[in-house]
Structure formats: structure tokens, C-alpha cells
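Q: Could you walk me through one part of this model at close range? I'd like to start at one loop and then see what surrounds it.

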Amino acid sequence: MSAQTIKSYDFPFIFEAQKLLAADPARQLTITALALEVGINTFKLRSGFKQLFQTTIHQYRLTLRLNLATQLLSETDLTISEIAYKTGFDSRDGFARSFRRRFHECPREWRKVTTSNLQ
């Protein structure tokens with residue numbers, strides 16, 4: 001089955017999965033558990049998600065989590081470790097590594113730049 005064979009009647013399930021991910025980006029949820037929750041098999045969920053959103057479920061969730069992290073960095077005084085936990089990362093190091101990969105600076109540096117621009 002290829003991405004072209006995802007049927008339109010599967011789309012509501014895929015959109016429901018997207019809504020669940022967006023509602024709580026930090027929620028630790030496997031793709032299998034997500035598929036069970038919305039009522040579709042994992043292959044259709046993965047393929048359909050990629051077809052509809054032009055990204056993988058993992059990358060979509062990572063983007064949501066990192067966007068939430070940037071918001072928390074600029075709007076709160078939470079520590080980097082607290083932000084890592086609130087955004088669903090297992091460790092501060094894993095969070096910092098993902099953040100640096102996406103934004104090309106560490107969370108602490110990003111916070112300094114954004115908070116100094118706001119003042």
C-alpha cells in the first residue's frame with residue numbers, strides 16, 4: 001500500500017491524531033497507541049499523516065514541542081530542566097540537543113537573546 005492508496009475516509013482519523021498531538025505535545029504517546037486511540041492502523045496513520053501534513057508524526061510532534069519550549073523560554077522563568085520536562089523530553093541534554101539542532105543555539109543563549117530584545 002503506498003501513500004496514494006490512503007482513502008479519504010481515513011482522513012478524519014488522521015486529522016484526529018493531529019489534533020491529539022497538538023492538544024498536548026508533551027504527552028508521551030507511541031504511534032501504535034496513537035493509532036489505537038483514533039481507530040486506524042499504524043501504517044495508514046503514518047502514511048496518511050505524511051501525505052496530509054508533508055512531515056512524519058515524529059517531526060510534527062518535535063516541532064510542536066520545540067515551539068512550546070520557545071514560548072516557555074520567553075514567557076516564563078522556568079529552568080531549562082523544567083522546560084525540558086514540561087515539553088516531554090526525557091532529559092535536559094536531549095532537549096538541548098534537539099533545540100540546538102533546530103535553532104542553532106542552546107536554550108540558555110536563545111533565552112538571553114529573546115528576553116533582551118523584549119526589554
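What follows is a close look at Thr56 and the loop that holds it, and then at the helices and salt bridges elsewhere in the chain.

A: Happy to! Please keep in mind that this is a predicted model, in which local features need pLDDT of at least 70, side-chain atom pairs count only at pLDDT 80 or more, and totals for chains, interfaces and linings use all residues. Residues are numbered from 1 along each chain as its sequence is written, and side-chain values use heavy atoms, with hydrogens and water left out.

First, a little setting. The chain has 7 helices and 0 strands, where helices (H or I, at least four residues) and strands (E, at least two) are DSSP runs numbered from the N terminus. Its C-alpha trace spans about 50 × 20 × 20 Å along the principal axes. Of the 119 residues, 40% are buried; buried means under 20% relative accessible area, exposed over 50%, and partly exposed in between, with a 1.4 Å probe and protein chains only.

Now to the loop. Thr56 sits between α3 (42-53) and α4 (57-75). With a relative accessible area of 35%, Thr56 is partly exposed. Setting aside neighbours within four places in sequence, Thr56 is in contact with Phe49 and Lys50, a contact being heavy atoms within 4.5 Å. A polar atom of the Thr56 side chain also lies 3.0 Å from the backbone nitrogen of Gln59. To place Thr56 relative to Leu45, the two are 11 residues apart in sequence and 10.0 Å apart in space, C-alpha to C-alpha.

The loop between α3 and α4 holds Gln54 too. Gln54 is not a glycine, yet has a positive phi of about 55 degrees. Most residues other than glycine have a negative phi. Gln54 is exposed, at a relative accessible area of 60%. A second residue with this feature is His104, a non-glycine with a positive phi of about 65 degrees. His104 lies in the loop between α6 and α7 (107-118) and is exposed at 69%.

Let's follow the chain out of the loop into α4. Helix α4 packs on α6 (residues 92-103) at an angle of about 95 degrees, with the axes 11 Å apart; axes are lines fitted to C-alpha atoms, for helices over the stretch in contact, and angles run from 0 to 180 degrees between N-to-C directions. The two helices are therefore roughly perpendicular, as angles of 65 to 115 degrees count as such, under 35 as roughly parallel, over 145 as roughly antiparallel and the rest as oblique. Gln59, whose backbone nitrogen we met above, is one of the α4 residues in this contact, along with others including Leu62, Leu66 and Leu73. On the α6 side, the residues include Phe95, Phe99 and Phe103. The residues of this contact divide into 7 nonpolar, 5 polar and 1 charged. Here Ala, Val, Leu, Ile, Met, Phe, Trp, Tyr, Cys and Pro count as nonpolar, Asp, Glu, Lys and Arg as charged, and the others, Gly among them, as polar.

On the other side of the loop, α3 packs with α2 (residues 31-38) at about 95 degrees, with axes 9 Å apart. That makes α2 roughly perpendicular to α3. Ile31, Thr32, Leu34 and Ala35 in α2 meet Thr42, Leu45 and Arg46 in α3. This contact is made up of 4 nonpolar, 2 polar and 1 charged residues.

Helix α3 also takes part in one of the 2 salt bridges in the structure, a salt bridge being a side-chain nitrogen of Lys or Arg within 4 Å of a carboxyl oxygen of Asp or Glu. Asp10 pairs with Lys44, the closest N and O atoms being 3.7 Å apart. Asp10 is in the segment before α1 (11-23) and Lys44 in α3, so the pair links parts of the chain 34 residues apart. Asp10 and Lys44 are buried, Asp10 at 4% relative accessibility. Beyond its neighbours within four places, Asp10 is in contact with Ile40 as well as Lys44.

Finally, Glu37 and Arg27 meet in a salt bridge at 2.8 Å, N to O. Glu37 lies in α2 and Arg27 in the loop between α1 and α2, so this pair ties together parts 10 residues apart in sequence. Glu37 is partly exposed at 41%, and Arg27 is partly exposed at 33%.

Key
A polar contact is a pair of N or O atoms within 3.5 Å; within protein, one must be able to donate a hydrogen and the other to accept it, and residues adjacent in sequence count only if both atoms are side-chain atoms.
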